[in-house]
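Work through the exercises below with the sequence and the 3D structure at hand. Each task is followed by a solution in steps.

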Amino acid sequence: MPTRPTSIATCALVLLGLAAVLPVAAQTAEPNDYEDPATWLCRPDRADACAVDLSTTWIGADGGLGIQGWQADPYAPIDCFYVYPTVSQDPGGNSDMEAGPEEAGVIAAQFARFGSVCRTFAPLYRQFTLAALRSRMGGGDMELDQELGYGDVVDAWYHYLENDNEGRGVVLIGHSQGASTLLRLISEHIDGRPAQDNVVSAILLGTNVQVPNGGGVGGSFRHIPLCRTATQTGCVITYSTYRATVPPSRMALFGRGQGDYEAGCTNPAALEGGRVALASYLGAASLPAAGTWLEDGPEIPTDFVSLPGLLYAECVERDGFNYLEITVDADPDDPRADDIGGDIMTANGPNAAWGLHLIDVHVAMGDLVEVVRLQGKAFLEK
């Protein structure tokens with residue numbers, strides 16, 4: 001059985017965004033017992049946060065409507081291990097281990113859909129909270145322990161390896177704080193170690209995975225390259241999204257390289273490159289500026305909506321930033337919405353430092369699930 005190293009290797013990681021600049025306190029709390037089912041949001045073979053209705057309203061360019069069903073695969077041949085982004089509404093600097101509606105909501109939006117292609121594992125962890133984020137962004141000094149959440153995820157990972165993995169392939173999935181946490185976990189506990197043999201891929205979104213300028217292996221990881229085909233395994237899918245009409249500002253948090261390295265960008269809908277349509281699953285309640293997804297249409301009966309052919313994406317490099325550029329290919333003469341929500345808004349419009357960070361996962365959810373399906377098949381055929 002794999003065992004946790006007695007010491008953690010040090011490495012130079014650049015975790016951009018607020019996670020990079022929040023001061024930390026020494027870890028003093030007791031470790032979690034991940035043998036306790038209550039420490040997991042999702043595990044196989046039980047009704048939990050991943051057991052949700054993901055039915056989606058499909059809206060065609062002609063205004064036609066349909067309901068797309070969904071179901072988990074109880075016999076999925078690989079696993080997915082997910083670490084969620086900064087969502088906790090707890091009042092302190094670190095969240096507690098009691099799941100709230102915000103943790104359940106992000107599971108439904110970002111992770112449960114992977115249950116059609118993999119067994120789902122999602123630990124609770126004592127992340128730094130939205131209160132801490134707002135405090136530090138405003139110049140406050142709310143006390144927090146950034147190492148606490150990371151230690152929790154490391155403990156959960158080793159519990160999974162020792163008790164659940166049994167040699168199965170596993171995809172590691174994270175967004176924002178979750179992706180930065182997994183980036184460090186992979187660097188310190190997986191990259192170049194025996195556990196790397198079990199990694200189907202890592203999906204690290206809304207963070208900055210550093211790679212050598214022009215490609216190749218190096219930077220954040222010594223042995224793990226970016227994914228360049230849908231059947232490549234042991235690789236990383238990573239991107240941050242910005243609108244084509246609102247490119248990253250000079251102070252943008254995501255897509256930023258460091259020194260001789262650039263931020264990796266891989267388009268899950270076209271890993272080989274190019275501009276293609278995305279298979280998006282957007283929150284039906286996250287209405288666009290027009291206030292409706294369909295002009296004079298009925299109320300959307302599902303929590304998610306899909307508008308085929310509305311969003312296109314391509315990895316681009318501009319002004320030192322490498323990112324997934326999202327284009328809304330709307331037709332003002334058809335009855336569908338001509339735009340989407342998802343921006344962090346300021347008094348002057350969309351915040352160009354954050355881009356479409358809030359919906360990094362949503363815009364390509366269908367493509368990500370399909371890539372995991374294909375990578376899982378290729379992994380099993382090796």
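**Exercise 1. Salt bridges**

Task: State how many salt bridges are counted, and place the pair of aspartate 152 and arginine 126 in the chain.

Solution. The count comes to 12 salt bridges, where a salt bridge is a side-chain nitrogen of Lys or Arg within 4 Å of a carboxyl oxygen of Asp or Glu. This is a predicted model, in which local features need pLDDT of at least 70 and side-chain atom pairs count only at pLDDT 80 or more, while totals for chains, interfaces and linings use all residues. Residues are numbered from 1 along each chain as its sequence is written, and side-chain values use heavy atoms, with hydrogens and water left out.

Step 1: In the salt bridge between aspartate 152 and arginine 126, the closest N and O atoms are 2.8 Å apart.

Step 2: Aspartate 152 belongs to helix 3, and arginine 126 to the loop between strand 5 (118-123) and helix 2; the pair is 26 residues apart and links distant parts of the chain. Helices (H or I, at least four residues) and strands (E, at least two) are DSSP runs, numbered from the N terminus.

Step 3: Both aspartate 152 and arginine 126 are buried. Buried means under 20% relative accessible area, exposed over 50%, and partly exposed in between (1.4 Å probe, protein chains only).

**Exercise 2. One arginine, two partners**

Task: Which salt bridges does arginine 184 form with glutamate 147 and glutamate 188, and where do these residues lie?

Solution. Step 1: Between glutamate 147 and arginine 184 the closest N and O atoms are 2.8 Å apart. Glutamate 147 is in helix 3 and arginine 184 in helix 4, 37 residues apart, so this pair links distant parts of the chain.

Step 2: For glutamate 188 and arginine 184 the closest N and O atoms are 3.3 Å apart. These two residues both lie in helix 4, four residues apart, about one turn of the helix. An α-helix has 3.6 residues a turn, so residues three or four places apart point the same way.

Step 3: Glutamate 147 counts as partly exposed because its relative accessibility is 26%. Arginine 184 is buried, with a relative accessible area of 18%, and glutamate 188 is buried too.

**Exercise 3. An open sheet**

Task: Give the strand order of the open sheet that contains strand 14, and name its edge strands.

Solution. Step 1: Four strands form this open sheet in the order 3-2-14-13, with mixed pairing. Two strands pair if DSSP finds at least two bridges between them.

Step 2: Strand 3 (65-68) and strand 13 are at the edges; each has a single partner strand, so one side of each is left without a neighbour in the sheet.

Step 3: Strand 2 (residues 56-59) and strand 3 run antiparallel and are joined by four bridges. Within this pair, threonine 57 has isoleucine 67 of strand 3 as its bridge partner.

**Exercise 4. Positive phi**

Task: Are glutamate 166 and serine 176 buried or exposed?

Solution. Step 1: Glutamate 166 has phi near 50 degrees, a positive value in a residue other than glycine, and sits in the loop between helix 3 (146-165) and strand 6 (170-175). Glutamate 166 counts as exposed because its relative accessibility is 71%.

Step 2: Serine 176 also is not a glycine and has a positive phi of about 55 degrees; its place is the loop between strand 6 and helix 4 (177-189). Serine 176 counts as buried, at 15% relative accessibility.
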